[in-house]
Amino acid sequence: MVKRLETEVWALDDCTGCGLCVAACSKQVLHWNAKEHPLLVPPVKTLGYTKKPLDSCSFCDKLCEEVCPRLERWVPLDPQVALAARARGPIKTGTPNGVILSILSAGRSTGLLDGVVMLDLDPWELKPIARVTSTVEEIVGSIGPQYLWAPTLDVLNEAIFDRGMENIAVVGTPCTAQAIRKMKHSTNPRLKLYQEAIRLTISTFCTGIYRPELIEEVLVKGMGVSRDMVMRLELSPDNQWLHAVLWDGDVRTIPLQQAEEYTLSGCGSCIDYLGESADLAVGTLGTSEDMSTLIIRTRTGDVFTRNAVKMNLIETSDEVDMAALDSAANEKDKRERAQEFNDVQLLMLDALADPLKRSEAIQQFVRLYRTPTRTKPQEIVRSDCTGC
Ligand code: SF4
Ligand code: SF4
Ligand code: SF4
């Protein structure tokens with residue numbers, strides 16, 4: 001059984017919904033439960049009138065655990081440089097999606113890429129969909145990620161195995177880039193094809209992503225906006241509003257507070273706002289309204305950016321408010337604390353079965369819940385207390 005995913009990720013509402021475990025599962029027994037995390041659906045053996053589920057996970061390398069970004073703490077990649085960027089050429093906009101699609105188009109035109117795995121929006125149903133695009137026309141015609149959740153990496157196998165792509169870019173949330181980074185560091189040879197095929201990761205800045213029901217409940221039922229009227233969603237630069245831009249030019253505004261109840265549960269403990277595991281990260285924070293901030297974290301990211309500049313598909317300047325980016329990165333301290341709460345929850349579960357772990361669990365619990373005004377925490381829990 002996939003014990004670690006079940007107890008350390010799904011049970012704690014910590015799944016980011018990236019979809020890499022489903023793609024990597026060698027026996028194809030992980031499926032989406034239509035909620036926020038995958039489920040193991042084992043094959044069933046029929047014996048006479050009885051059906052017996054088979055333990056499909058025995059003798060497996062547990063690739064699902066090998067790639068899950070939520071089973072490990074990760075160290076951010078330092079930014080090499082942060083630029084203000086705007087798309088030129090056919091897209092011509094300063095939005096993050098415009099910049100991303102221009103970098104991808106340049107990469108595809110010059111043969112650096114032969115395909116892209118990305119989140120897009122079905123323009124009729126307004127449903128987020130994971131897509132594989134392979135031509136410049138398809139890339140330019142995409143709407144791009146829209147703050148609505150779908151498991152992006154679900155279509156990775158389609159790109160690599162069905163369509164034989166060898167140079168792929170993955171565009172998604174910071175947690176998607178974390179999953180790819182974790183997978184790339186694995187020494188399991190069965191992941192080699194994925195490792196070699198994924199050349200570039202691009203992440204959007206992200207404070208949370210919403211379940212698609214947001215569209216039906218808030219926009220359609222709440223505001224009376226018909227689905228086919230909506231062109232795209234945009235996050236305001238101050239992260240306070242979600243704007244639905246309509247085809248007639250009108251804009252409907254959803255306060256983020258209202259949208260928050262639709263946030264994916266796994267976002268609650270997320271500590272990555274600025275795409276700290278991606279080759280490139282793009283977002284609205286830190287620059288003027290008609291530009292996006294583009295953070296380059298790796299040499300690969302640098303090559304793709306230079307390529308897009310050379311092809312005149314993006315223009316850049318160094319007018320970035322680094323203080324705003326630093327302050328956003330520091331926000332993660334609060335979330336790091338949330339992650340520690342998850343760890344302590346796990347430890348307490350262990351402590352139920354193992355008395356030796358109770359002392360450690362209680363000490364961690366007290367450390368996390370202690371308020372700064374408490375002066376003598378050592379009087380509450382002694383170091384030799386067994387927590388009985
Ligand atoms: S342990 Fe193996 S078979 Fe089971 S879900 Fe994970 S990858 Fe799939
Ligand atoms: S975070 Fe991604 S890899 Fe981990 S369980 Fe969720 S979907 Fe699977
Ligand atoms: S907030 Fe974190 S977990 Fe949620 S979508 Fe963004 S990067 Fe992923």
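# A tour of the predicted model

Select helix 11 first: it lies across strand 9, strand 13 (280–283), strand 14 (292–296) and strand 15, and runs at about 135 degrees to strand 14. Helices (H or I, at least four residues) and strands (E, at least two) are DSSP runs, numbered from the N terminus. Two residues are in contact if their C-beta atoms, placed from the backbone, lie within 7 Å. Axes are lines fitted to C-alpha atoms, for helices over the stretch in contact, and angles run from 0 to 180 degrees between N-to-C directions.

This is a predicted model, in which local features need pLDDT of at least 70 and side-chain atom pairs count only at pLDDT 80 or more, while totals for chains, interfaces and linings use all residues. Residues are numbered from 1 along each chain as its sequence is written, and chains are lettered from A and ligands numbered from 1 in the order in which they are written.

**The sheet of 8 strands**

Next, show the open sheet of 8 strands, whose order is 7-6-8-9-13-14-5-15, with mixed pairing. (Two strands pair if DSSP finds at least two bridges between them.) Strand 7 (127–133) and strand 15 (314–317) each have a single partner strand, so one side of each is left without a neighbour in the sheet. From one strand to the next, the twist averages 30 degrees.

Go to the strand 7 edge. Strand 6 (residues 115–122) pairs with strand 7 in the antiparallel sense over 7 bridges, and Val116 stands opposite Thr133 in strand 7. Then add helix 7 (residues 174–184), which lies across strand 8 (168–172) and strand 9 (198–204) and runs at about 155 degrees to strand 9.

**The sheet of 3 strands and a hairpin**

Select strands 10, 11 and 12, which form an open sheet in the order 10-11-12 with antiparallel pairing. Strand 10 (230–235) and strand 12 (251–255) are the edges, each with a single partner strand, so one side of each has no neighbour in the sheet. Here the twist averages 20 degrees from one strand to the next. Strand 10 pairs with strand 11 (residues 241–246) over 5 bridges; Val230 has Leu246 of strand 11 as its bridge partner.

Now move to strand 3 (residues 44–47) and strand 4 (residues 50–53), an antiparallel pair with 4 bridges. The bridge partner of Val44 is Pro53 in strand 4. This hairpin has 2 residues between the strands, and Gly48 takes a positive phi near 65 degrees.

**The ligands**

Select ligand 1. It is surrounded by 13 residues, the closest being Cys25, Lys27, Cys57, Cys60 and Cys64. A residue is near a molecule if its C-beta atom, placed from the backbone, lies within 6 Å of it.

Ligand 2 is surrounded by 16 residues, the closest being Cys15, Thr16, Cys18, Cys21 and Cys68. Helix 1 (3–10) and helix 2 (20–24) each supply at least two residues of this shell.

At ligand 3, the surrounding residues include Thr16, Cys175, Cys206, Cys267, Cys270 and Asp272.

**Confidence**

Finally, colour by pLDDT, the predictor's confidence in each residue, from 0 to 100. The protein chain averages 85, and 84% of the residues score at least 70. Helix 11, the starting point, has the highest confidence, at 98, and helix 14 (residues 358–369) the lowest, at a mean of 58. Over residues 368–388 the pLDDT is below 50, and this stretch has 18 contacts in the model beyond near neighbours in sequence. Where pLDDT is low, the predicted coordinates should not be read in detail.
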